[in-house]
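The following exercises accompany a single protein chain. Each task is followed by a solution that proceeds step by step.

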Amino acid sequence: MKAKNGMSRKRCITRLESGFTLVEMLVVLTIMSIVLAIAAPSFKSFSEKRKLDSSGEAVRSLGLFARSAAIADKEPYMIVFDLTQHSFWLAKASALEYGDLSQTFDIGAYGPEAQEMQPEQLLAMRASGILGETKETEANVQISRVDVEREGAIVSGALDYEYVQFNADGTAEPASIYLTNSQNEAIVVDVWLRASRIDVRDLSESEAAEL
């Protein structure tokens, strides 16, 4: 009797140590595949929304920096938006003298007067090291439109380049920068005239459809 009980316990231990059977593994893998297939669209949607929000926050952060740099250096700065490459960068407002916004990145962001300035003078700028550095939106995120209130009218850039200026007195050109993603979701970065406010907010489906 003792031998029989001992053999029974041995068979039980052997089964436990042997792990899952092939059938059990196949069942687990099948269940996991079903769960992943159901959850995949949600994961993708979450990822795309995160990229959209991240791009909006990048625009907002550069705008806040542009405002503080303009106050510190006592001269206006601007953020230039390339709506074809979905990129943006910081430049001195004096770079508008080029008459071509596509020339305002890299060293062009320092403006025409930079050619006569010494390297130490350029380094002394609050925005040195950031001026002209092109930032791109996240993958599948587009800059759809930039609306700027300039000289009492709304200028809407949706094809090429547009800019938003930040002044030495802390004010800025009121503007709305619209970004969309591959899921037809949209957000807008609102630049306010005063109070150092730059907000990011989601758009409704109907508002996104109009972009």
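**Exercise 1. The order of the elements**

In what order do the elements of the chain run from the N terminus on?

Solution. The model is a predicted one. Begin with the inventory: the chain has 4 helices and 9 strands. Reading from the N terminus, the elements follow the order α-α-β-β-α-β-β-β-β-β-β-β-α. As for the chain as a whole, 36% of its 211 residues count as buried. Among contacts with a separation of 6 or more, 58% are accounted for by residues 24 or more positions apart.

**Exercise 2. The sheet of five strands**

Determine the strand order of the sheet that 5 strands form, and identify the strands at its edges.

Solution. Step one is the order, which is E5-E4-E7-E8-E9 in an open sheet with antiparallel pairing. Step two concerns the edges: strand E5 (153–157) and strand E9 (198–202) each have a single partner strand, so one side of each is left without a neighbour in the sheet. From one strand to the next, the twist averages 20°. Step three looks at one pairing within the sheet. Strand E7 (residues 175–181) pairs with strand E8 (residues 186–191) in the antiparallel sense over 6 bridges, and Ala 175 stands opposite Val 191 in E8.

**Exercise 3. The sheet of four strands**

Determine the strand order of the sheet that 4 strands form, and find the bridge partner of Tyr 77.

Solution. The order in this open sheet is E3-E2-E1-E6, and the pairing is antiparallel. E3 and E6 each have a single partner strand and therefore stand at the edges, with one side of each left without a neighbour in the sheet. Strand E1 (residues 77–82) is joined to E2 by 6 bridges in the antiparallel sense. The bridge partner of Tyr 77 is Lys 92 in E2.

**Exercise 4. Aromatic pairs**

Classify the pair of Phe 81 and Phe 88, and then the pair of Trp 89 and Tyr 161.

Solution. A pair of aromatic rings is described by the distance of the centres and the angle of the planes. A search of the whole structure finds 3 aromatic pairs. For Phe 81 and Phe 88, the centres are 6.1 Å apart and the planes stand at 35°, so this pair is tilted. Both of these Phe residues are buried. For Trp 89 and Tyr 161, the values are 6.4 Å centre to centre and 70° between the planes, and the pair is edge-to-face. Trp 89 lies in strand E2 (residues 87–92) and Tyr 161 in strand E6 (residues 161–166), so the pair ties together parts that are 72 residues apart in sequence. Trp 89 counts as buried because its relative accessibility is 3%, whereas Tyr 161, at 25%, counts as partly exposed. Together with Phe 105, Trp 89 and Tyr 161 form one aromatic cluster.

**Exercise 5. Arginines over rings**

Which rings lie beneath Arg 145 and Arg 150?

Solution. Arg 145 lies over the face of Tyr 178, at 4.5 Å from the ring centre. Arg 150 lies over the face of Tyr 163, at 3.9 Å from the ring centre.

**Exercise 6. The surroundings of Thr 137**

Is Thr 137 buried or exposed?

Solution. First locate Thr 137: the residue is in the loop between strand E3 (135–136) and strand E4 (141–150). Its relative accessible area is 12%, so Thr 137 is buried. A polar atom of the Thr 137 side chain lies 2.7 Å from the backbone oxygen of Val 141. Leaving aside residues up to four places away in sequence, Thr 137 touches Ser 55, His 86, Phe 88, Ile 143 and Leu 179.

Definitions and conventions
Residues numbered from 1 in each chain as written. Predicted model: local features only at pLDDT ≥ 70, side-chain atom pairs only at ≥ 80, totals over all residues. Heavy atoms only, no water. Pairing = 2+ DSSP bridges. Helix = DSSP H or I, 4+ residues; strand = E, 2+ residues; numbered from the N terminus. Axes fitted to C-alpha atoms, helices over the stretch in contact; angles between N-to-C directions. Phe/Tyr/Trp six-rings, centres within 6.5 Å; stacked < 30°, edge-to-face > 60°. Buried < 20%, exposed > 50% of the residue type's maximum accessible area, 1.4 Å probe, protein only. Lys NZ or Arg CZ within 6 Å of the ring centre and 35° of its normal. Polar contact = N/O pair within 3.5 Å; in protein donor to acceptor, adjacent residues only side chain to side chain. Contact = heavy atoms within 4.5 Å.
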